[in-house]
Structures are given as C-alpha cells and as structure tokens.
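Biologist: I would love a close look at the salt bridges in this chain, and at what surrounds them. Could you walk me through them, one pair at a time?

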Amino acid sequence: MNKLKTILTNVCRLLIAIAFIFSGYVKAVDPLGTQYKIEDYLGALHLMAYVPRFVTLGASVSLSAIEFSIGIFLLLAIRRRLISKVTLVFMSVMTLLTIWIYVANPVEDCGCFGDFIRLTNGETLLKNIVLLGASLTVFFMPLRMYRFISKTNQWIAFHFTFVFILFTSAYSLYLLPVFDFLPYHVGTDINREMEIPEGAKAPEFQTTFILEKDGKQKEFTLEDYPDSSWTFIDSKTVQTQEGYVPPIHDFSLQDMKTGEDLTAAVLERKGYTFLLISPHLEEADDGNFGDIDYLYEYAQEHGYAFYGLTASTMSGVQMWRDITGAEYPFLNADATTLKTMIRSNPGIMLLKDGVIIRKWSHNDLPRQEELSARLEKLPLGHLPADSIPRKIAGVVLWFVLPLFLLTLADRLWAWTHFLKAKKKTDETYNTLK
C-alpha cells in the first residue's frame, strides 16, 4: 500500500510539474501576450482604468516566473513541504478563477498556454480540476516525492531557476519572443493564411468605425463610411456568423482619410514592403526614431514601399510626426491585430510578395552598415534559416544542461557520502565485534 501511495504521489508530482513548466515558459517568452490577456480580464471586470499598465506587465512576468519555478521545484522535489502547500494554494485560486470564466465567459481563451495551445473555457476548467486533484495528493504526502537534489544544494537550483526565467522574459521584452507562436510569424504568407478552403462555410465579420464630427461620435461600416470631414477615433471587428475561421482573419488596412480598403494593394504588391507597426502611437517608444527614419529613406532610395500601421487617430499620427519628423504614410488597422502581428511598439515587419521574411523590435533595428546594398543582395532580404532547433539547443545549453549536471553532481556526492558513512559503520561494527 505504501509503495502504491509513493507511485501515485510521484505521478501526480510529474503531471503538475510538466504542466507548470510548459505553461510558465510559453508565458515567459511572450510576456506582452500574457499582459494583454490580463488586461482582457480586467476589462471584463471594468477595472482596467484603475490598473496601470506597468502593473499588468509586472503581473505577467511574475505569473510566468511563479508557474515555471513551481514546476521545476516539484520536478526536483525542492522544499517538498513548502512547495506542496504553495502548489495547492495556487491551483485552488486558479480553479476558482476558471469556474468564473466558464460561467461568465468574459474571454474565449484563458491564455493558460499562451498562443501555443488555445483551450476553451470548458477544457481549461477540466484541466484545472485534474491538476487540483493532483495537488491535493502531493499536499497530503509531500515526503513521498523522490528528491533529486539534496537539501544542502537546493539553493543553487532555486536561484538559478528564478534567474533563468526572469532573464527569458526580459530578453523577450527587449527584443521579440524567443519562440513566435503567433499567426504572423516569419515565413507566413498572409494571403494564403487568410484563404478559406473550398467548400468550407465562410464566417462573416463586420468592422465598425467610430468617427467624430462637431464633438459627436457615431459608428459607421465600410458601406457607409463618411467623407474626410469626420475624424477617426477607433475601430472594432466582430464575428457575426460562425464558419471556418482561417489562421489570419482580421487583417484589414484602410486609408485614414477616405476609409478606402488598401489590404489587397499592400499584400499583392510585388517586391519588398516595410511596415512600421504601432497599435497606439501615443504609447510608442520614440527613442530609436532615427533608425526608423533611415529605414524609410533606404526604402525610398531603392523603390520599396513603407507604411505605418496604427489604430491611433490622426491626432496621434500628427503627434508622432511632430516628435520624429516621420514622412511615411499611415494606414489604419485594428489594435488587437497589430498587437498580434508583432510584440513591440513600435516594431518593423518586412514583407516580400506578401510573405513575412523579417521582424524587428524597435530595440534591434537594422543598422546602416547592414543595409549597404539592395535587399535582393543582402541576407536581410531573404528568409532566415530555420532557427527553431538552434533556439531549443540554446535552452538546453543554458538551462537544462546546467541543471542536469548539478543534479548528477549532487547524486554522486550523496552516493559518496553514503559509501563513506557505510564504511565507517562497518568499521565500528567490526571493532565492536
């Protein structure tokens, strides 16, 4: 019976550890995505106006670090009594939260596994109930978890795990997510991803534009878009009829003055197109506007297209132009779509014949020396080699391998200590005999 309890406890411990490690890591590599999801929840509760954005970003980074660390600590059985209690409390809170999500349905996807795996609210609730049951098992029998690292050396793994996961979030915030799980990843043919298979029922969407004139706001559709005397305020796209939803279904670009749909003109253009993407120019980082202006000049010199995409109003665009001296044209797009396209405000996306071939954070824009010729002749003008295996190897090299070597060294040390103790006991026994 005791052996069965030990097996059950360790199976539950591994189940929770795998779920937490995976969930924490996919959130850590995309902290802005998790922040947007937290803001969706706050918006549903009408609390977004009271919570600063730096708080939601801090909550995003903290949540991923806590989940990932709990998973590692359970996997290695570090501080068994304490971590079993923390896990139970965490899962109890998460289960209560998902019950509310399931009943109230404030968002369609909980964001448990970032953009890598999307679960319905019902699937999320079922997952959390299973993990809560496993947490209860571990809570009542924590000392049955087999320990991989002795108490003496646990502090090394403890601090190393926190440093690694926080560095991962910081790196992904400063540049771009280490792993891009979004529909607009490098290599995506946007036109193809918007296609609906033959015979499939097409969903229907409606885009509504909120415009203002003489202090009064009014909503319009593409069919009744007014003249340029109206000022653009915001836009929103909602699904009006169920059907097959392609991976990319909300990419739509309009002229900010006339409302003319320019989506096809941008995507079907042959050659290279630079897109400066900023959901809200009022919140965009303008520290590297000189590099952006140089990219625009480079595009002009070589005959490449360059557009700014934003959900801001004309006043926001004018403010950006006043600060940066920008001369490139701006097109209007949905803010959520722009946040999905690139996790940087602003960020640069490079298209070739409608295919995404490069993405840059505003902190890592191409330098002048990298643009010494036409893009056709430069590595930047071509799809990069598949870097997924290299990125996985990096995670293994910088985290998994050191942790494995620490565990191996600790077990060898413990085994040596055991042999020495056994030898001493045997010598004492022989002496007494």
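Modeller: Happy to; here is a tour of the salt bridges, followed by the surface patches and the record's annotation.

Please keep in mind that this is a predicted model. For orientation, the chain has 12 helices and nine strands. Its C-alpha atoms fill a box of roughly 105 × 55 × 45 Å along the principal axes, and 45% of its 433 residues count as buried.

Now to your pairs. Side chains of opposite charge can pair when their charged atoms come close. Eight salt bridges are present in the structure. One of them joins Lys27 and Glu67, with 2.9 Å between the closest N and O atoms. Lys27 belongs to helix H1 (residues 2-28) and Glu67 to helix H3 (residues 53-76), so this pair ties together parts that lie 40 residues apart in sequence. As for their surroundings, Lys27 and Glu67 are both buried.

Helix H3 also takes part in another pairing, through Arg53. Here the partner is Glu283, and the closest N and O atoms are 3.3 Å apart. Because Glu283 sits in the loop between strand S5 (272-278) and helix H9 (289-302), while Arg53 is in helix H3, the pair links parts that are 230 residues apart in sequence. Glu283 is partly exposed, at a relative accessible area of 45%. Arg53 is partly exposed as well, with 35% relative accessibility.

Helix H9 brings us to the next pair, since Asp291 lies in it. The side chain of Asp291 meets that of Arg367 in a salt bridge, at 2.8 Å from N to O. Arg367 is in the loop between strand S9 (355-361) and helix H12 (388-432), so this contact ties together parts that are 76 residues apart in sequence. Asp291 has a relative accessible area of 22%, which makes it partly exposed. Arg367 is also partly exposed, at 36%. Returning to Arg53 and Glu283, these two residues and Glu39 are joined into one network by salt bridges that share partners.

Next come the charges gathered in a patch. Arg79, Arg81, Lys85 and Lys151 form a patch of positive charge on the surface. One of its members, Arg79, is in the loop between H3 and helix H4 (80-104).

The surface has a nonpolar patch too. Among its members are Ile388, Ile392, Trp398, Phe404 and Leu412, and the patch has about 1,000 Å² of accessible area together. Ile392 is part of helix H12, and its relative accessibility of 46% makes it partly exposed.

Finally, the record adds an annotation to set beside the model. The unreviewed UniProt entry gives "transmembrane region" for residues 7-26, 54-76, 88-105, 125-143, 155-176 and 392-414. Two of these stretches can be compared with the predicted fold. Over residues 125-143 the chain is 84% helix and 0% strand, with 28 Å between the end C-alpha atoms. For residues 155-176 the figures are 91% helix and 0% strand, and the end C-alpha atoms are 31 Å apart.

Notes:
Residues are numbered from 1 along each chain as its sequence is written. This is a predicted model: local features need pLDDT of at least 70, side-chain atom pairs count only at pLDDT 80 or more; totals for chains, interfaces and linings use all residues. Side-chain values use heavy atoms; hydrogens and water are left out. A salt bridge is a side-chain nitrogen of Lys or Arg within 4 Å of a carboxyl oxygen of Asp or Glu. Helices (H or I, at least four residues) and strands (E, at least two) are DSSP runs, numbered from the N terminus. Buried means under 20% relative accessible area, exposed over 50%, partly exposed in between (1.4 Å probe, protein chains only). Patches are made of residues with over 30% relative accessible area and no salt bridge: like charges are joined within 9 Å, nonpolar side chains (Val, Leu, Ile, Met, Phe, Trp, Tyr) within 5 Å. Accessible areas come from the Shrake-Rupley method with a 1.4 Å probe; for residues, only the protein chains shown count as cover. Lys and Arg count as positive and Asp and Glu as negative; His and the chain ends are not counted. The place of a charge is taken as NZ of Lys, CZ of Arg, CG of Asp or CD of Glu. UniProt positions are given in the numbering used here, feature names are shortened, and annotations may be inferred rather than shown by experiment.
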